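Work through these exercises with the sequence and the 3D view open. Try each task before reading its solution.

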Amino acid sequence: MAGNHNDYQVHKAKILTPAFYVLLFFTLLGFMLIAYRFVMGIGAVSNLSDGYPWGIWIAYDVATSTAFACGGYAMALVIYIMNRMKYHPLIRSALVTSMFGYMLAGMSVMVDVGRYWNAYSFFMPSRWQPNSVMFEVAVCIMAYNVVLIIEVMPAILERFIHMKENKFPKLKHYAMIIYPKLDKVLIFIVILGITLPSMHQSSLGSMLIIAKSKLNPIWHTQILPLLFIINALYIGYATVIFESFASSMAFKRPFEKEVQQLSRIIPYVTGIWLSVRFIDLYIRGQLSAAFAGDYYSWMFLAELLLILTGTYILMWKQYRQSPRMVFIAAMLLMIGGGWYRFNVYIIGFKPHGNWSYFPSLPEFFITVGLVAFEILGYMVLIKLFPIMPKVHGEHGSDAAKAH
Amino acid sequence: MMKKTRRDFLKTAAAGGALMLAPLSVQAQQEIKADDEAVGMFYDSTLCVGCKACVSKCKAVNDMAAAPMPGDSDRLWDAPEDLDYRTRNIIKLYKNEEDVNDHAYVKHQCMHCIKPACVSACPVSAMVKEEGTGIVFYDKNICIGCRYCQVACPFNIPKFEWPETFPKIVKCDLCKFTNLKLKNIPACCEVCPTNAVIYGKRKDLLAEAKRRQAANPGKYQKAIYGEFEVGGTNVIYLAGTSFENLGFPKLDHESAALMSEHVQHTVYKGFIAPVALYGFLAFIALKNRKSADQVAHEHEVEHELEVEIQHELEKEKEEKKEGKH
Ligand code: SF4
Ligand code: SF4
Ligand code: SF4
């Protein structure tokens, strides 16, 4: 679609690196534990209880990791809505990260739900329950998974079209037929890929509105959806930056200049978020509770401090010129933004009675395994398909033409 | 598609913005009203003698497993510590250390809320409030086991079969499929020897509770638990000691389920806002895409690609032809 198919390149490198084996190890460990969970039941592997029916599989794998996976969403907003085409080279790697992030969410939901064989209920209109926030979130996330796969398709098809030796003639044939057609309609899919996350990211916040008597008032507010959507945006940008720098270091590629420029957007977004957060606390009379110095207040301050520090760094031009500072700021914002979501889903959640929750080791390693699987998939995909932005200077004329 | 007037643009823009801002406009709660036909239970803590006949009868008619005490190697005794997947109904005792006269039994089970959070939360309609009677019941054949009902319930009532490979949710359904169906009365109310828990229409039960309060003002707490909590429940309580002592959470009179639905409906009413947001975004994206030099470049690349593909396809055709001859 929009323009430059020449923006991207296959990252030519060995697939079977030591990092690959480490990730593979954690992936397999995770999958073994998942197998155990399906045989012995959720109680056998987790510390979940009737008081804390949701643990890190929901709080991290779904609520937080889909925010980390909002890079594709955040970039699409900048590129197609704010019309900053210069960021276009970054979109594919952002989309692939998003695809794996959302796949992880989908997989852990299947690990988490107790009666997974009934999941087809979501496709039976007679069972739909539109009052349920979870219904909206589930359907929306499923749809977005499909959208992300379609959005990544061109990269895969291009690879088959440009294949030198004709190993899969049939595939190449179909790729050539589908590609131009997909190219024409892709913009409408891309827009869907902006609409759907706007919907479900805000609804991930709405999800806890109903638990009013259990969620600490520092976090429980009717504007949870608004806070979650803005939160998803700055986490999304931070992840694009993080992912770009991380792959620059891991794959010894030069730093991507666009990323540093992109970081200018973040203070505006976090600024809005912080204002909304404080105005809301003030209106609901919870400011004093937020700074009371007790456990919940400290958790709130941690969230605040991480986000403030990240924002502060990115407000100054000197800092933005240093790749290292931008990288650190991005990490602070990812952790801080994620911390906020943990506060809403677990830390600030206190059911009536004597309950406590801390993830068990198997619970933890299932999550680690799924994340390892996600990174593994990303690393393999970029080595097989044109996803990474083309390094400037290589094929000089091409790159020059593209700008 | 591109022929949009400025006014259309503003309209879609406003609607798109509404999707994000809708939660801010949430208004006051509507009132919740109990159905006149709604049935429920009334438990008077001062009449209960703690015999637990209700607990064992509940287990018997609803086919619940025993919950042996820890260390009970014979596994002969049913001694549940709390509600769980084996216990839908439990009797507990509160005792004040300082004041021997201040003690009371209490019975816990699903409150059959008038506006149940569990029903509002369930994504697949596995948790249902029966029309008319107001009984809140559960269908395991539909449930996906997401446990959102557990997160949502302000009383922590739905329980999950954690140790099971194929678990389900467990909670009181007023014996809808068992005793109520057979004998027209829930098992606990049928067997209670002191009439501490009685079954009936909510409005009658509420009137009875108020009558007892009026007849014996010194004996009871002023509040009738369940009259207003979370918008009212069909199971109501009288007690001589404070309800917090009896393990009941202190809850708002408004229903969080209603609040949540209100936010959700404001955002998704008729699906107008999401569709408008889509239209709005598509409008901008298409407009942006057509900025002049981009179009030129786009065509260039598209053309190159089409030529290339055309070329390849023709080559393939020719090869096939040659193969046939
Ligand atoms: S007490 Fe809990 S489980 Fe029972 S109806 Fe109310 S919300 Fe549902
Ligand atoms: S666990 Fe079952 S009954 Fe409870 S909300 Fe999920 S699907 Fe509904
Ligand atoms: S059967 Fe009646 S008296 Fe006995 S414990 Fe139950 S409610 Fe109390």
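**Exercise 1: a helix in chain B and its surroundings**

Just after α2(B), B:D63 takes a positive phi of about 55 degrees. This is a predicted model, in which local features need pLDDT of at least 70, side-chain atom pairs count only at pLDDT 80 or more, and totals for chains, interfaces and linings use all residues. Residues are numbered from 1 along each chain as its sequence is written, chains are lettered from A and ligands numbered from 1 in the order in which they are written, and side-chain values use heavy atoms, with hydrogens and water left out.

Task: find which residues of helix α2 of chain B are buried, and state what they pack against.

Solution.
- Step 1. Locate the helix: α2(B) covers residues 53-61. Helices (H or I, at least four residues) and strands (E, at least two) are DSSP runs, numbered from the N terminus.
- Step 2. Pick out its buried residues: B:C54, B:V55, B:C58 and B:K59. Buried means under 20% relative accessible area, exposed means over 50%, and partly exposed lies in between (1.4 Å probe, protein chains only).
- Step 3. Look down the axis of α2(B). The buried residues fall within an arc of 135 degrees, so they line one face of the helix. The arc is that of the directions from the helix axis to the C-beta atoms.
- Step 4. Recall the helix geometry. An α-helix has 3.6 residues a turn, so residues three or four places apart point the same way.
- Step 5. Find the partners. The buried residues of α2(B) pack against β2 (90-95), β3 (103-108) and α6 (187-191) of chain B. Contact means heavy atoms within 4.5 Å.

**Exercise 2: positive phi in chain B**

Task: place B:K52 and B:H112, and decide whether each is buried, exposed or partly exposed.

Solution.
- Step 1. Note the background. Most residues other than glycine have a negative phi.
- Step 2. Take B:K52. Its phi is positive, near 65 degrees. B:K52 sits in the loop between β1 (39-44) and α2 of chain B. Its relative accessibility is 44%, so B:K52 counts as partly exposed.
- Step 3. Take B:H112. Its phi is near 45 degrees, also a positive value. The loop between β3 and α3 (117-121) of chain B holds B:H112. At 1% relative accessibility, B:H112 is buried.
- Step 4. Set both in the chain. Chain B has ten helices and nine strands. Of its 325 residues, 51% count as buried.

**Exercise 3: two helix pairs in chain A**

Task: describe how α1(A) packs with α15(A), and how α4(A) packs with α5(A).

Solution.
- Step 1. Choose the descriptors. Two packed helices are described by the angle between their axes and the distance between the axes.
- Step 2. Read the first pair. α1 (residues 18-40) and α15 (residues 361-384) of chain A pack at about 135 degrees, with axes 7 Å apart. Axes are lines fitted to C-alpha atoms, for helices over the stretch in contact, and angles run from 0 to 180 degrees between N-to-C directions.
- Step 3. Classify it. That angle makes α1(A) oblique to α15(A). Angles under 35 degrees count as roughly parallel, over 145 as roughly antiparallel, 65 to 115 as roughly perpendicular and the rest as oblique.
- Step 4. Sort the residues of this contact: 20 are nonpolar, three polar and none charged.
- Step 5. Read the second pair. The axes of α4(A) and α5 (residues 91-112) of chain A come within 7 Å and cross at roughly 150 degrees. The two helices are therefore roughly antiparallel.
- Step 6. Check how enclosed α4 (residues 71-81) of chain A is. Eleven of its eleven residues are buried, so α4(A) is largely enclosed by the rest of the structure. After α4(A) comes A:N83, with a positive phi near 55 degrees.

**Exercise 4: two buried residues in chain A**

Task: list what A:G338 and A:H11 touch, not counting residues up to four places away in sequence.

Solution.
- Step 1. Place A:G338 in α14 (residues 323-347) of chain A. At 5% relative accessibility, A:G338 counts as buried.
- Step 2. List its contacts: A:T64, A:I235 and A:L333.
- Step 3. Compare sequence and space. A:G338 and A:Y60 are 278 residues apart in sequence and 8.2 Å apart, C-alpha to C-alpha.
- Step 4. Place A:H11 in the loop between β1 (8-10) and α1 of chain A. A:H11 is buried, at 9% relative accessible area.
- Step 5. List its contacts: A:F251, A:R253, A:I382, A:K383 and A:M388.

Note on methods:
Ala, Val, Leu, Ile, Met, Phe, Trp, Tyr, Cys and Pro count as nonpolar, Asp, Glu, Lys and Arg as charged, and the others, Gly among them, as polar.
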